[in-house]
Each structure stands twice: as C-alpha cells, then as structure tokens.
Amino acid sequence: MRADLHIHTFYSDGTLSPKEVVQIAKEKGLEAVAITDHNKIGAWEELNEAAKEVGMIPIKGCEINCKYQDKVVHLLAYGFENTPEFMKLIHLADDEMQRMSVDLVEELSKEYTQVSMADYEAYHYDVRQGGWKGLHYIHDRGITEKLFDGFKLYGKYNCDFTNYYFPKIKLLCEAIHKAGGVSVLAHPGEYYKNLNEAELKVVLEDLKGQGIDGIECYYPTHSELMTNTCEAFCEKYGLIRTVGSDEHGEFGKHAKVIEQTIGCVSKTITRNAIDKLTNSGGI
Ligand SMILES: [Zn+2]
Ligand SMILES: [Zn+2]
C-alpha cells in the first residue's frame, strides 16, 4: 500500500492543516496517512474525519522526544488510546521543549534590551507559519536575520535538547503499549548515519530490547545501507517497517536540503503493517 506515516501540521511546527494533508495525500494517490505532530495529538479528529470522507485510512499518531543513551531520539506512536499515563509523558516532553525557549529568552534578555520574559509571555505568532514560538519571537525582535538562525542560538546558550529531561525510551514504549498502541523508531539515519552495518545492528538490537515494535525504514535522507540494514533487521525479528516523509509544509522547506513532501518516498508497505498501526489492541 502507498502510505505516508510521518507528517506534521500546524498543531506542532508544520504549516499545513490536517485537511490539507489529506487533500495532498489524495492527489498523490496514497491509501493511508498518519499525522505525527511533535508531542501533540490535536490533529487527530480532523484527520480522521477528512480521511474517511475521501476513502483513505487515517492513522492516529504522534512523534515524541525521548532519551536513549546520550541522545534525544524521536519515537513514533500509532494507534494508541489517550491513557493518562501516556498523555502525561507527551505533555512532559512538550513542556520541556517550551522550557528550552523560555530559558533561551531568559539568557538573551541579559544581552538584548528588546527581549524580556514578560514580552515573550505576551507574544503570539500565527501557528500557520509553522516553527516554534521562541524562533519567531527572537526573529521578530531582530536578534536573528533568518528564522532558522534561531536554532543555532539554542545550542550556543546551552538550551538544546540534550540539556532537558525527556522520558526514557523504555518507559515511553511501555506507556504506548499499555495505551494499546505501537512504537516505531523514527528516522534512525538522523542519529546513526555514521555507523557501519555491524555497529548499526548492535544499536538496533538494543533498541528492540527497549521495546520498539518497528522502524521507519523508508525515509528521504536514508542511505541505501541504512534502509537495507533496517529492512533486514525488521524482517528477521518480525518488526513493523514504516515509511514517512516528515513533511513540515513551508516551515520544512527552509531547513531541509532534500525533498520531504507528502508521499515523496514511494516505497510501499504491507496491509498487515497498516493493520498493526490502526488496531488499538496493541501487538
Ligand atoms: Zn523527527
Ligand atoms: Zn517528524
């Protein structure tokens, strides 16, 4: 089946609405679609309705920041119920991301008179522009020339992901399972592109032990080695293979070096995989 199981809307940092996602997916001839906003699930109802109207399979999803070894990695959750335990972890990850911007503004306010916490708290931006509140704020106050330059400041002022508390991957997988959902490691190539095949297999083995049910094998930036190794690994252990573009709408176009638009990865996945992601009984 042709599907795109990794898409962002303006409920997180993308620029598209759930309805626009469905329209584009339909034009591209996709049969199933999932919206996986960062630590947010607000797009689900609109996606569900819009997809059913055009005869497409909607899949409930979310992309959550979590800790694994020394990294902050992204875990895709699918087909879950909104259990209090799982919702708590999503909110916690979201709060930590907001805190990164608050801390950055606090630091910048020491150097720039046009920046203050009170001003930041009162500041609003149009979510249809995508991105983060912090990025827009520091751009609008003239600290950065381009919106994307703001990302560098998070690192410069020690406000990047690795300095914040995100749930441990094992704990998150357990919560997803208890919520009847499945957990899929997002874009392994984003963290492990420098590993050789043997090293990659060791990491994947360990991640399997942490509780992942599948891997996003098919992703725009993945090398052939990454795709083939992940594919073979999933085959060996009966894990789910998923495909995703990581579309962020106009916001993504500024940052991405290669095309990451809905349906841009043409690899098909099995009906069985789709069923596992939509079946809220877990696996
Ligand atoms: Zn991601
Ligand atoms: Zn993503």
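Are His-8 and Glu-63 buried or exposed? Both residues are buried, and they appear in the first of the views below, which show close-ups of a predicted model.

**Figure 1. Coordination of the zinc ion (ligand 2).** The protein donors of this ion are NE2 of His-6, NE2 of His-8, an OE atom of Glu-63 and an OD atom of Asp-246, at 2.0 to 2.2 Å from the metal. Along the chain, these donors follow the spacing H-x1-H-x54-E-x182-D. His-8 belongs to the loop between β1 (3–4) and α1 (18–27), whereas Glu-63 belongs to strand β3 (residues 57–68), so this pair ties together parts of the chain that are 55 residues apart in sequence. The four donor atoms subtend angles of 83 to 174 degrees at the zinc ion (ligand 2), and the arrangement is therefore irregular. For reference, the ideal angle for four tetrahedral donors is 109.5 degrees.

**Figure 2. Coordination of the zinc ion (ligand 1) and the bridge to the zinc ion (ligand 2).** An OE atom of Glu-63, ND1 of His-74 and NE2 of His-187 coordinate the zinc ion (ligand 1) at 2.1 Å. The spacing of these donors along the chain is E-x10-H-x112-H. His-74, in strand β4 (residues 71–78), and His-187, in the loop between β5 (182–185) and α8 (189–192), link distant parts of the chain, being 113 residues apart. Both of these histidines are buried. Glu-63 bridges the zinc ion (ligand 1) and the zinc ion (ligand 2), and the two ions lie 3.5 Å apart.

**Figure 3. Backbone conformation at His-187 and Asn-158.** His-187 has a phi near 25 degrees, a positive value in a residue other than glycine. This histidine is placed in the loop between β5 and α8, and its relative accessible area of 4% means that it is buried. Asn-158 also is not a glycine, yet its phi is positive, at about 55 degrees. Asn-158 is located in the loop between α6 (149–156) and α7 (169–178). With a relative accessible area of 56%, Asn-158 is exposed.

**Figure 4. Surroundings of Thr-15.** Thr-15 is found in the loop between β1 and α1. Its relative accessible area is 7%, so Thr-15 counts as buried, the cut-off being under 20%. When residues up to four places away in sequence are not counted, Thr-15 touches Thr-9, Phe-10, Glu-20, Arg-128, Gln-129, Gly-130, His-248, Gly-249, Glu-250 and Phe-251.

**Figure 5. Packing of α1 against α2.** The axes of α1 and helix α2 (residues 44–53) come within 8 Å and cross at roughly 35 degrees. The crossing of these two helices is right-handed. On the α1 side, the contact is made by Pro-18, Lys-19 and Val-22, and on the α2 side by Glu-46, Leu-47, Ala-50 and Ala-51.

**Figure 6. Helix α10 (residues 224–237) and the elements packed against it.** At 1.5 Å a residue, the 14 residues of α10 should span 20 Å, and the end C-alpha atoms are 20 Å apart, so the two values agree. The expected span is taken as 1.5 Å times one less than the number of residues. Met-226, Thr-227, Thr-229, Cys-230, Glu-231, Phe-233 and Cys-234 are the buried residues of α10. These buried residues pack against α8, α9 (197–210), β6 (214–218) and β7 (240–243). Just after α10, Gly-238 adopts a positive phi of about 70 degrees.

Note on methods
Residues numbered from 1 in each chain as written. Chains lettered and ligands numbered in written order. Predicted model: local features only at pLDDT ≥ 70, side-chain atom pairs only at ≥ 80, totals over all residues. Heavy atoms only, no water. Donors = N, O, S within 2.8 Å, 3.2 Å for Na, K, Ca; no water. Tetrahedral: all angles 85-135°; square planar, octahedral: opposite > 155°, others 65-115°. Buried < 20%, exposed > 50% of the residue type's maximum accessible area, 1.4 Å probe, protein only. Contact = heavy atoms within 4.5 Å. Axes fitted to C-alpha atoms, helices over the stretch in contact; angles between N-to-C directions. Left-handed = near helix turned anticlockwise from the far one by under 90°.
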